[in-house]
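Trainee: I would be grateful for a close look at the backbone at a single place in this model, and then at how its surroundings are put together. Please explain each step formally.

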Amino acid sequence: MCAICGCGGGDHAHSHGLSDRSHALASPPYASSDHSHAPSIEFGAGLAAVHIPGWSPQRTIRIERAILSKNDALAEINRLRLRAADVFALNFVSSPGSGKTSLLVRTITDVLSRRPIAVIEGDQQTSLDADRIRRAGAPAVQLNTGNGCHLDAHMVAQSLDELSPIPGSLLFIENVGNLVCPAAFDLGEAHKVVVLSVTEGEDKPLKYPNMFAAADLMLLNKTDLLPHVEFDMQACVEAARRVNPAIDILPVSARTGAGLSAFYDWIEARRLSYATAPPGIEPLNRRISR
Ligand code: MG
Ligand code: ZN
């Protein structure tokens, strides 16, 4: 996460002191080799277990815990605020290019007549995605993270001030395209939804398990391209269930609309159960081991 990439300082000042060293570390010859006989180089056992020369793992873990616990407290405030306003928030996460924005545009087009929708768009730069969302008819706030590679709860709180979604709304939060650290940042959403397109390969849940463990739904997008790509749907489902046995999985195509009615039904069913769940119940998206 961000003690590695150096994008987040927890103070939104985005210090880059660590980033130079860690990016040097991440470039070749440390990057994984394409020689199949080469051994893999392990820097740790997962979140926070990183090795940066001159930087003790204990110190990294302390900083990560401090950042995450501050974020978690703010996320809890967002959650209470959203619940009080009867707003059901979904946090869409994926790698860049999986089709998140197209999926949201299509969903807005299909659902907006039945239910109000507001959108928070996260990208490093540009307001291109928020512009697309607004053209589809929904209010949107664009968050540009600069060098940051994820949204955090503080950014979402600021966007909520701006958006003020009306009661009964769906709030779609499109996170920065990144399958790594957005998994660790609770934004106060009801659920994380991970979007994986069939062009990305069926092994992604095993390669980025934290994200698939944190999500309650996996949308397998771009199924219209299945005849043209080598993608083993069954292997992908098995990989996702291996890291998260409880994850729901829906194949969809934002382009053709295939499978989307099942997604809309999922949203309504989850919205209903979330709205009627007694407050204080631990949300399903807190599955990340820290
Ligand atoms: Mg986008
Ligand atoms: Zn990040």
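Mentor: Helices and strands are here runs assigned by DSSP, with at least four residues for a helix (H or I) and at least two for a strand (E), and they are numbered from the N terminus. The model is a predicted one.

With these names, the place to examine can be located: Lys222 is found in the loop between β6 (217-221) and α9 (233-243). Most residues other than glycine have a negative phi. Lys222 is not a glycine, yet its phi is positive, at about 65 degrees. Its relative accessible area is 21%, and the partly exposed class begins where the buried class, under 20%, ends. Lys222 is therefore partly exposed.

A second residue invites the same reading. Thr126, also not a glycine, has a positive phi of about 75 degrees. Thr126 is found in the loop that joins β2 (117-123) and α5 (128-136). With a relative accessible area of 38%, Thr126 is partly exposed.

From the loops we may turn to the aromatic side chains. The whole structure holds 4 aromatic pairs. In one of them, the ring centres of Phe88 and Tyr274 are 5.7 Å apart and the planes stand at 65 degrees, so this pair is edge-to-face. Phe88 belongs to strand β1 (residues 88-93) and Tyr274 to helix α10 (residues 260-276), so the pair ties together parts that are 186 residues apart in sequence. Phe88 is buried, at 3% relative accessible area, and Tyr274, at 14%, counts as buried too. A further pair, Phe263 with Tyr264, is tilted, with 5.9 Å from centre to centre and 45 degrees between the planes. Both Phe263 and Tyr264 are buried. Ring pairs also link these two residues with Phe92 and Phe172 into a cluster.

Finally, consider how two helices meet. The axes of helix α3 (residues 57-84) and helix α6 (residues 153-163) come within 8 Å and cross at roughly 30 degrees. Angles under 35 degrees count as roughly parallel, and α3 and α6 are therefore roughly parallel to each other. Their crossing is left-handed. On the α3 side the contact includes Leu74, Ala75 and Leu82, and on the α6 side Val156, Ala157 and Leu160 are among the partners. By class, 7 nonpolar, 3 polar and 2 charged residues make up the contact of α3 with α6.

How values were computed: Residues numbered from 1 in each chain as written. Chains lettered and ligands numbered in written order. Predicted model: local features only at pLDDT ≥ 70, side-chain atom pairs only at ≥ 80, totals over all residues. Heavy atoms only, no water. Axes fitted to C-alpha atoms, helices over the stretch in contact; angles between N-to-C directions. Parallel < 35°, antiparallel > 145°, perpendicular 65-115°, else oblique. Left-handed = near helix turned anticlockwise from the far one by under 90°. Contact = heavy atoms within 4.5 Å. Nonpolar A, V, L, I, M, F, W, Y, C, P; charged D, E, K, R; others polar. Buried < 20%, exposed > 50% of the residue type's maximum accessible area, 1.4 Å probe, protein only. Phe/Tyr/Trp six-rings, centres within 6.5 Å; stacked < 30°, edge-to-face > 60°.
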